[in-house]
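Work through the exercises below with the model open beside you. Try each task before you read its solution.

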Amino acid sequence: MGGRASSALENTAQAVPVRRVLALSDWIHALVPTLLIFAWFTLFPHALVDGDTSWHVAAGEWIVSHRAIPHSDPFSYTFGGQPWTAHEWLAEVLMYGLWTIGSWGAVALVCGGALAAACWALTLHLRRWLGFPAALIPLAFVTAALLPAAYARPHVFGWALAVFWLLGLVRAREHQKAPPAMLVLIMLVWANMHGSFMLGLGLAGWFALEALIEAVPGKRIAVALQWAGFGVLSGLAALMTPHGIEGLLFPLKLTAMAMLPMIEEWRAAQGIREVAMVLLPLIAALLLWRRVPLLRIVLIAVLTFMAMNHLRHHALQAIVAAVLLAKPLGEALGKAELPKLGFHANRAAILGVTGLALAALSMTALWRFVDQPESQHVPAKAIAAIPEALLQQRVFNGYSFGGPLIKAGVPVYIDGRADIYGTAFMRDYLMIYGDGNVQKFEAARRRWHFVWTILPSDGRIPAYLDTRPEWVRIYRDQHAAIHVLRSELK
């Protein structure tokens with residue numbers, strides 16, 4: 001009898017993974033990927049080459065100068081005055097403040113810092129369950145999902161907040177408690193920074209359901225009340241935005257818009273590489289099905305479906321999968337790890353070098369990115385060449401050029417705020433911009449009375465305008481061409 005009891009205890013101990021107690025060397029290990037993420041933002045121009053970064057800064061400038069949150073479009077002449085939910089207002093004010101203090105380098109620096117901090121927290125979570133180098137597997141996957149879209153825009157803050165929110169929920173489940181009320185503050189900030197906060201509310205509801213299902217029958221009412229209280233507080237925090245209930249519903253309305261697939265970052269996964277990357281977390285969860293609770297497999301499957309339909313969701317899917325699969329991977333791979341490489345021997349020196357590296361990277365960003373880097377989405381030289389007389393005249397512009405033009409004070413035809421323009425307008429624009437539909441272009445000119453254009457120089461419409469006697473090309477470089485109606489030239 002005693003032998004059987006002892007054997008049962010041993011089997012139980014083997015079934016439960018041993019959670020590692022984090023040593024200082026683990027914290028130092030986490031600094032390496034943190035520095036790499038930070039270096040990506042501060043050494044390379046990738047984070048600043050997206051045109052939408054510019055209009056986010058311009059929106060922050062508008063908010064600060066008017067001391068109000070816009071509820072209608074102040075930037076385009078096509079939809080000026082139409083309703084606009086500026087749901088990222090807090091991130092935009094922050095970005096404008098950074099731009100004012102340290103130009104574009106400061107914007108990249110703080111966006112990179114937010115994501116680096118999230119990477120640091122994620123790495124520590126992985127190291128609790130996974131040895132080295134096993135912890136690099138999920139970390140590398142998350143990094144591969146994040147970096148292609150790691151632009152200095154509000155969604156980066158959303159990623160960072162998602163990491164800390166999710167880790168708080170997972171820790172609460174580990175301790176079989178409801179999440180701490182302090183976690184609600186993350187939701188308050190998140191709801192005013194980026195629409196991905198809706199995923200955070202969904203995750204809280206999912207973990208609440210898991211807690212209720214796994215609770216001892218006699219404690220289910222108490223568990224339900226605890227998680228319901230947290231859910232109510234989180235929901236109230238999400239409502240505490242300048243847009244109230246409209247801000248809460250906006251992410252749902254956005255994802256339901258028919259025009260989303262027309263936008264590159266919202267398109268469905270395509271090609272072997274993208275589809276494989278999106279499916280990998282679900283495949284891993286299914287392979288580990290004996291160690292992963294069914295409800296969590298279903299959660300990963302739902303996020304995989306979202307990422308397959310809209311690639312924009314891939315980053316959040318990767319973050320959630322990495323956090324949830326860390327413990328099952330630790331069970332499957334065991335605790336074996338390579339030597340600590342002596343990191344524990346010179347902690348003060350390593351921390352000192354890390355501090356110097358952060359300072360050097362920060363100074364480099366502030367020095368290098370005084371101006372927004374020239375790119376196919378940010379035609380800075382072309383915008384600088386626009387005659388002053390045209391700046392307030394109606395323009396037909398490239399979609400990705402809208403942000404830089406808004407920052408330059410030009411009322412635009414279109415920009416990255418696709419939710420304002422709607423499906424019909426976006427479809428007509430893409431027929432002109434992408435397909436070179438001359439009839440649609442001429443119809444748009446008759447309706448909107450624009451007198452100049454700034455478009456990618458290799459596009460079909462600039463080639464068409466070169467053949468028209470009523471249009472004159474006044475500028476061209478590798479990224480953009482500017483044409484003006486001859487009648488507007490003095």
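The exercises that follow concern a predicted model.

**Exercise 1. Classify two aromatic pairs**

Task: Decide which kind of aromatic pair Trp227 and Phe230 form, and then do so for Phe441 and Trp471.

Solution.
- Start with the total: the structure holds 26 aromatic pairs.
- Take Trp227 and Phe230. Their ring centres are 6.3 Å apart, and the planes stand at 80°. Planes over 60 degrees apart count as edge-to-face, so Trp227 and Phe230 form an edge-to-face pair.
- Place this pair in the chain. Trp227 and Phe230 share helix α9 (residues 220-239) and sit three residues apart, about one turn of the helix. Trp227 and Phe230 are both buried.
- Now take Phe441 and Trp471. Their ring centres are 6.2 Å apart, with 50° between the planes, and the pair is tilted.
- Locate both partners. Phe441 belongs to helix α18 (residues 438-448) and Trp471 to strand β3 (residues 471-476), so this pair ties together parts that are 30 residues apart in sequence.
- Check burial. Phe441 is buried, and so is Trp471.

**Exercise 2. Find the charges over rings**

Task: Which ring does Lys407 lie over, and which ring lies beneath the charged end of Arg417?

Solution.
- Lys407 lies over the face of Trp99, 3.7 Å from the ring centre.
- The charged end of Arg417 sits over the ring of Trp55, at 5.9 Å from its centre.
- Keep Arg417 in mind. Arg417 also takes part in a salt bridge, with Asp73.

**Exercise 3. Follow the salt bridges**

Task: For three salt bridges, state the N to O distance, the places of the partners and their burial, beginning with Asp50 and Arg153.

Solution.
- The count comes to 19 salt bridges.
- Begin with Asp50 and Arg153. Their closest N and O atoms are 3.1 Å apart. Asp50 lies in the loop between α2 (24-43) and α3, and Arg153 in the loop between α5 (136-146) and α6 (154-174), so the pair ties together parts that are 103 residues apart in sequence.
- Test their burial. Buried means under 20% relative accessible area. Asp50 has 11%, so Asp50 counts as buried. Arg153 has 5%, so Arg153 counts as buried too.
- Go on to Arg417 and Asp73. Their side chains meet at 2.8 Å, N to O. Arg417 is in the loop between α16 (402-407) and α17 (418-433), while Asp73 is in the loop between α3 and α4, so this bridge ties together parts that are 344 residues apart in sequence.
- Arg417 is buried at 1% relative accessible area. Asp73 is buried at 4%.
- Finish with Asp428 and Lys440. Their N to O distance is 3.2 Å. Asp428 lies in helix α17 and Lys440 in helix α18, twelve residues apart.
- Asp428, at 33% relative accessibility, counts as partly exposed. Lys440, at 29%, counts as partly exposed.
- Last, look for shared partners. Salt bridges join Asp50, Asp52, Arg153, Glu265 and Arg312 into one network.

**Exercise 4. Inspect two positive phi values**

Task: Is Arg67 buried or exposed, and is Ser103 buried or exposed?

Solution.
- Arg67 is not a glycine, yet its phi is positive, about 50°.
- Arg67 sits in the loop between α3 (52-66) and α4 (89-129).
- Its relative accessible area is 76%, and Arg67 is exposed.
- Turn to Ser103. Its phi is near 60°, again a positive value in a residue other than glycine.
- Ser103 lies in helix α4.
- With a relative accessible area of 16%, Ser103 is buried.

**Exercise 5. Describe a helix crossing**

Task: How do helix α8 and helix α12 run relative to each other, and what is the hand of their crossing?

Solution.
- Identify the helices. Helix α8 spans residues 197-214 and helix α12 spans residues 294-309.
- Their axes come within 11 Å and cross at roughly 160°.
- Apply the cut-off. Angles over 145 degrees count as roughly antiparallel, so α8 is roughly antiparallel to α12.
- Add the hand. The crossing of α8 past α12 is right-handed.

Terms used
Residues numbered from 1 in each chain as written. Predicted model: local features only at pLDDT ≥ 70, side-chain atom pairs only at ≥ 80, totals over all residues. Heavy atoms only, no water. Phe/Tyr/Trp six-rings, centres within 6.5 Å; stacked < 30°, edge-to-face > 60°. Helix = DSSP H or I, 4+ residues; strand = E, 2+ residues; numbered from the N terminus. Buried < 20%, exposed > 50% of the residue type's maximum accessible area, 1.4 Å probe, protein only. Lys NZ or Arg CZ within 6 Å of the ring centre and 35° of its normal. Salt bridge = Lys/Arg side-chain N within 4 Å of Asp/Glu carboxyl O. Axes fitted to C-alpha atoms, helices over the stretch in contact; angles between N-to-C directions. Parallel < 35°, antiparallel > 145°, perpendicular 65-115°, else oblique. Left-handed = near helix turned anticlockwise from the far one by under 90°.
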